[in-house]
Amino acid sequence: MTATRKRAGRRGPGRPRSDTSRSAILKAAYEILKEAGFAGFTVEGVAARAGAGKATIYRWWQSKGTLAIEAFLVALAPRLAAVPETSSALADLRAQVHRAAAIYRGRAGKLLRELIALGQEDSQTSRMLRTDFVAPRYADAIHILRRAQASGEIAPDADIEVLADALWGPIFHRLLVSRMPIERDFVDKLLDLVLGNVARRGR
């Protein structure tokens, strides 16, 4: 068999996504999420607003939940990015936690609650939340805490993973369980409490 016949008989890859169409769909999806929440979020509505076909959307996203999460993450990407590194890792950590808390206080926090609730019923959505939202935020915190440990800002025997959990646990408890406000004063007190026993003084 010639190389030409081999190539002709081989199944080629699917048609690549159109970046323009994909961006329009994600933009429309996030607009609808902001306006109506996930309860009012439909693939039909997204398709109509984006000027795309439902078949196109389902070819690129397995469910409306995965579409909603990707739209949410793309829209918030600039605000979710890791903070720029400075000479103080602990100052960077404070900036990161305050940035996240500001997001959770707003409309995005309500949407995140709805998407996390959806993840309890949809394994694909749950997996996407863990891998694309939770894991990167946790990795950023671990990285900053390790920098702080390496620079001597926190004790060398401090348990980095426990510190990360101690910082983020109360914030997500307020976001998802108690619904109490995540104000700046609360975040400052939380940071002081968690880091107070491990921060190296007199540096």
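Start with two helices: select α6 (residues 89-105) and α10. Their axes come within 10 Å and cross at roughly 145°. The crossing of α6 past α10 is right-handed. This is a predicted model, so read each stop on the tour as a feature of a prediction.

Now show the side chains where these helices meet. On α6, pick Leu90, Leu93, Arg94, Val97, His98, Ala101 and Arg105. On α10, pick Arg184, Val187, Asp188, Leu191, Asp192 and Leu195. Colour the contact of α6 with α10 by class: seven residues are nonpolar, one is polar and five are charged.

**Histidine 98**

Stay on α6 and centre on histidine 98. Is histidine 98 buried or exposed? Its relative accessible area is 9%, under the 20% limit, so histidine 98 counts as buried. Which residues does histidine 98 touch, not counting those up to four places away in sequence? They are Arg184, Val187, Asp188 and Leu191. These four residues also appear on the α10 side of the helix contact. Next, draw a distance from the C-alpha atom of histidine 98 to that of isoleucine 182. It reads 9.6 Å, for two residues 84 apart along the chain.

**The cavity**

Keep α6 in view and turn on the cavity display. There is one cavity of 30 Å³ or more. Its volume is about 90 Å³. Select the lining: Arg79, Leu80, Ala81, Ala82, Gln96, Arg99, Ala100, Ile103, Arg137, Asp140 and Trp168. Which elements give two or more residues to this lining? They are α5 (64-80), α6 and α8. The largest share, four residues, comes from α6. By class, the cavity lining has six nonpolar, one polar and four charged residues.

**Alanine 141**

Go next to alanine 141, in helix α8. Its relative accessibility is 0%, so alanine 141 counts as buried. Leave aside its neighbours within four places in sequence, and alanine 141 is in contact with Gln96 and Trp168. Both of these partners, Gln96 and Trp168, are among the residues that line the cavity. For a long view, draw a line from the C-alpha atom of alanine 141 to that of isoleucine 25. These atoms are separated by 32 Å, and the residues lie 116 apart along the chain.

**The largest pocket**

Follow α8 onward and switch to pockets. The largest pocket has a volume of about 280 Å³. How many residues line the largest pocket? The lining holds 17. Select Ile116, Leu129, Phe133, Val134 and Phe172, which lie nearest the centre of the pocket. Then show α7 (107-119), α8 (123-150) and α9 (160-178), the elements that give two or more residues to the lining. The largest share, seven residues, comes from α8. Coloured by class, the pocket lining divides into 11 nonpolar, three polar and three charged residues.

**Arginine 179**

Last stop: the loop between α9 and α10 (184-196), where arginine 179 lies. Look at its backbone. Phi of arginine 179 is near 60°, a positive value in a residue other than glycine. Most residues other than glycine have a negative phi. Is arginine 179 buried or exposed? At 52% relative accessibility, over the 50% limit, arginine 179 counts as exposed. From this loop, step on into α10 to return to the helix that meets α6.

Terms used: Residues are numbered from 1 along each chain as its sequence is written. This is a predicted model: local features need pLDDT of at least 70, side-chain atom pairs count only at pLDDT 80 or more; totals for chains, interfaces and linings use all residues. Side-chain values use heavy atoms; hydrogens and water are left out. On a 1 Å grid over the protein atoms alone, a cavity is a set of points where a 1.4 Å probe fits but cannot get out, and a pocket is an open set with protein on both sides within 12 Å along at least five of seven lines; lining residues have an atom within 4 Å of a point. Grid points are joined across faces, edges and corners, and a volume is the space filled by probe spheres set on the points. Ala, Val, Leu, Ile, Met, Phe, Trp, Tyr, Cys and Pro count as nonpolar, Asp, Glu, Lys and Arg as charged, and the others, Gly among them, as polar. Buried means under 20% relative accessible area, exposed over 50%, partly exposed in between (1.4 Å probe, protein chains only). Axes are lines fitted to C-alpha atoms, for helices over the stretch in contact, and angles run from 0 to 180 degrees between N-to-C directions. A crossing is left-handed if the near helix is turned anticlockwise from the far one by less than a right angle, and right-handed if clockwise. Contact means heavy atoms within 4.5 Å.
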